[in-house]
Amino acid sequence: MATFSACVRNQRKDGYYPVYIRISHKSAPDYIKTDKLVNAKSLTKSKDIKDPFVVKYCADRIAEYIEKLNKVDIRNWTVKEVKAYLLSSDEDICFSDYARKYYAAMFNAGQERNARNYELAFQHLERFAGTTKVMFSHLTSTFINAWINTLSTTKRAKEMYPICVRQIFKAALLEYNDYDNGIIRIKTNPWAKVKIPEADTPEKRAISPEECRRFFSAPIPESKMREPLAELGRDVAMMVLCLAGINTVDLYEMKKTDYDNGILKYRRAKTKRSRADGAYIEM
């Protein structure tokens, strides 16, 4: 078990001594600085604090620390881990800040499109909350369900946005909560009482081969350009149709080497970094 004591360390230039609470665990010391100061008259010759107000304040803080540590198993902790737990266990964490960090990591990993969906999701949540500093303690099941209800008129966002926010929340639980050692910094988990609605099934808009032929045989507006944009647009549309609805970013990144002996080989840009097979496709 860790032991505690009130102490002073170095004297400041103005003659006062900052007051610390000394932690000792596994024969290693560390210090938590308080907001109290004492002068030389408030110390004994051996530098023990004798100011009754400061002594009581430190005793109360030490009692709080002992009560917290009694709820967890610290036998395998270092003294720095004990200090970190005492300083952060009751501190609420900002969901908005964590969501932005999650978005930045996803964007930097090359998942720009997915990252944008996550950004739109937590920004919509912030607008509903009326703040860009949404805390994890705010995210109760009542709050989340009320937010989802505002998305009910959307076709896809009512499913996509809550799923993105839930994924950010789950990642934060893994990062901040240490269930093995009983360190629970995020104390709410609303998702067991939240039902995420399904996105609307898009209406199928298939057209006949005759309509496709009429579309592609339509005259292109005259242009003074050597390579008219209208002609380029028609050619891209025709390639997308003939290549089973290939995504335009995949078409843009295609290289001559991707075509080999009648087979088009490529990796889908949207999912190649998140799938085990690299989203490899042959056509």
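This is a short tutorial dialogue on reading strands, burial, cores and a pocket in a predicted model.

User: Before we start, which pLDDT limits apply to this model?

Analyst: This is a predicted model, where local features need pLDDT of at least 70, side-chain atom pairs count only at pLDDT 80 or more, and totals for chains, interfaces and linings use all residues. Residues are numbered from 1 along each chain as its sequence is written, and side-chain values use heavy atoms, with hydrogens and water left out.

User: Thanks! How do I read strand pairing, and which way do strand 1 and strand 2 pair?

Analyst: Helices (H or I, at least four residues) and strands (E, at least two) are DSSP runs, numbered from the N terminus. Two strands pair if DSSP finds at least two bridges between them. Here, strand 1 and strand 2 are antiparallel, with six bridges, and Val8 stands opposite Val19 in strand 2. Strand 2 also pairs with strand 3 in the antiparallel sense, over eight bridges. There, His25 stands opposite Ala28 in strand 3. The hairpin of strand 2 and strand 3 has two residues between the strands, and Lys26 takes a positive phi near 55° in it.

User: What is the order of the strands in the open sheet of three?

Analyst: The order is 4-5-6, with antiparallel pairing. Strand 4 (259-260) and strand 6 (280-282) are the edge strands, each pairing on one side only. Strand 5 (residues 263-267) is joined to strand 6 by three bridges, and Arg267 has Tyr280 as its bridge partner in strand 6.

User: Now burial. How many residues of strand 2 are buried?

Analyst: Buried means under 20% relative accessible area, exposed over 50%, and partly exposed in between (1.4 Å probe, protein chains only). Strand 2 is mostly covered, with eight of its nine residues buried. In helix 2 (residues 79-88), the buried residues are Val79, Val82, Tyr85, Leu86 and Ser88. Their cover includes strand 1 (3-8), strand 2 (17-25), strand 3 (28-38) and helix 1 (52-69).

User: And Glu126: why does it count as buried?

Analyst: Glu126 counts as buried because its relative accessible area is 6%. Glu126 is found in helix 4. For its surroundings, take contact as heavy atoms within 4.5 Å. Leaving aside neighbours within four places in sequence, Glu126 is in contact with Ser96, Arg100, Thr131, Thr132 and Val134.

User: Which residues have the most contacts inside the largest nonpolar core?

Analyst: A nonpolar core is a set of buried Ala, Val, Leu, Ile, Met, Phe, Trp, Tyr and Cys residues joined through side-chain atoms within 4.5 Å. The largest one has 34 residues, and Phe95, Tyr98, Phe136, Leu139, Ile168 and Ile186 have the most contacts inside it. Helix 3 (95-108), helix 4, helix 5 (141-149) and helix 6 (157-176) each supply at least two residues of this core, and helix 6 has the largest share, 11 residues. A second, separate core of 16 residues includes Ile23, Val82, Leu86 and Ile183.

User: Last one: which helix gives the most to the lining of the largest pocket?

Analyst: On a 1 Å grid over the protein atoms alone, a pocket is an open set of points where a 1.4 Å probe fits, with protein on both sides within 12 Å along at least five of seven lines; lining residues have an atom within 4 Å of a point. Helix 4 gives the most, with three residues. Helix 4 (112-129) and helix 9 (248-253) each supply at least two residues of the lining, which includes Arg113, Asn247 and Lys270.
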